[in-house]
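Grab a pencil and let's work through a few exercises together. Try each task before you read its solution.

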Amino acid sequence: MRVGRSAWGGPAGGHRDHARHAPNDTRFSRVPGEAPLCRSIYVYVLFRTKGCPVTQSSATPLPAPEERRGPDEAASLTPAQAFDALYAFCAPALVRQTFLLTGRRELARESVERAFQCAWDRWPEVARDPDPPGWVRAAAHEYALSPWHRLRPRHRHPEPPPAAPPDRALLEAFLSLPPTYRRTVLLYDGVGLDLPETAAETEASTPAAAHRLLHGRAEIAALLPDLADPAVLHRRLTEVASAERLRSAKPPAVRLGSERRARFWTRAAVAFTLVVIGATALTLHTAPTKYEAPVPAGESVQGVPPKPAPGTLSDTELELRAKLRAHTAHGPERLLPETR
């Protein structure tokens with residue numbers, strides 16, 4: 001069978017071309033007669049971009065195995081160049097995959113950009129990962145299948161389906177599957193992963209992934225009997241994904257968006273921390289320093305006679321009041337009792 005370039009960013013027909021993958025990729029068998037290289041994204045992407053700009057299109061043919069660069073030349077790549085090469089190699093295929101998962105073009109592009117932004121935020125971890133494209137693919141698929149998107153106003157209305165009736169029928173049948181079944185079928189029959197890899201990426205056991213795959217195939221075959229053959233299903237998924245004009249942003253824009261989002265959340269975290277500190281200081285300043293017992297509620301007492309109102313002054317009281325008013329307001333006479 002002839003192996004060519006597919007819409008998924010890998011060999012057509014769902015088969016692996018082991019000679020075109022870096023020997024440090026643990027998903028594929030090592031190239032016989034050659035020493036394994038270090039597990040680094042720099043070797044991973046340089047293997048595919050020998051003699052090409054790091055922003056090459058996904059349609060650019062991959063270099064031959066004998067043209068690989070060594071680890072010394074790989075170390076000369078800057079993190080930004082390695083990220084741009086990974087983005088150029090994976091982003092177009094990931095956008096097409098995500099479109100099949102969701103049926104939404106804008107969400108597919110947003111999911112891929114968000115996945116690569118997360119990858120740039122955690123670039124040391126992604127650069128040392130044995131499968132950097134798989135790391136980004138898992139992040140993009142998880143973001144695209146998040147149930148919170150249904151709460152967004154622009155996602156409450158469906159997007160226009162594909163123009164061709166066969167493509168529209170296949171996409172509708174594929175979207176009728178549950179999200180976990182849809183993702184399993186896409187990874188196994190579309191991308192071409194084997195069953196253990198599919199189970200690991202979907203966070204399921206191998207028997208569960210096999211059940212989802214068989215059930216998804218059966219559901220699609222019940223709606224479209226012509227797609228009962230997995231090879232035909234793979235070819236049709238590739239054709240539907242390739243028929244859409246899906247574009248992705250430029251790598252520098254993605255990196256800039258990641259850095260801008262990181263700065264925003266950093267400033268938000270600092271502002272929130274300052275608010276908490278200010279509220280705590282205000283509470284400590286205004287809070288009482290000792291316990292004050294609450295005043296009990298008043299109670300009515302029965303059997304006590306009412307207090308009589310004051311009457312008129314007697315002659316003695318009137319004489320005393322006049323004497324107090326006539327004397328000076330200062331002196332010991334005001335402080336000592338009067339001797340009668």
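**Exercise 1.** Leaving aside its neighbours within four places in sequence, which residues is V136 in contact with?

*Solution.* First, the ground rules: this is a predicted model, where local features need pLDDT of at least 70, side-chain atom pairs count only at pLDDT 80 or more, and totals for chains, interfaces and linings use all residues. Residues are numbered from 1 along each chain as its sequence is written, and side-chain values use heavy atoms, with hydrogens and water left out.

Next, look for contacts (heavy atoms within 4.5 Å). You should find L86, L94, A115, F116 and A119 around V136.

**Exercise 2.** Describe how the rings of F83 and W120 are arranged.

*Solution.* Step one: rings of Phe, Tyr and Trp (its six-membered ring) pair if their centres lie within 6.5 Å; planes under 30 degrees apart are stacked, over 60 edge-to-face, and the rest tilted. Step two: the F83 and W120 centres are 5.1 Å apart with 55 degrees between the planes, a tilted pair. Step three: F83 sits in helix α3 and W120 in helix α4 (helices are DSSP runs of H or I, at least four residues, numbered from the N terminus), so the pair ties together parts 37 residues apart in sequence.

**Exercise 3.** Are F83 and W120 buried or exposed? What about F264?

*Solution.* Buried means under 20% relative accessible area, exposed over 50%, and partly exposed in between (1.4 Å probe, protein chains only). F83 and W120 are both buried. F264, at 53% relative accessibility, counts as exposed.

Conventions: Helix = DSSP H or I, 4+ residues; strand = E, 2+ residues; numbered from the N terminus.
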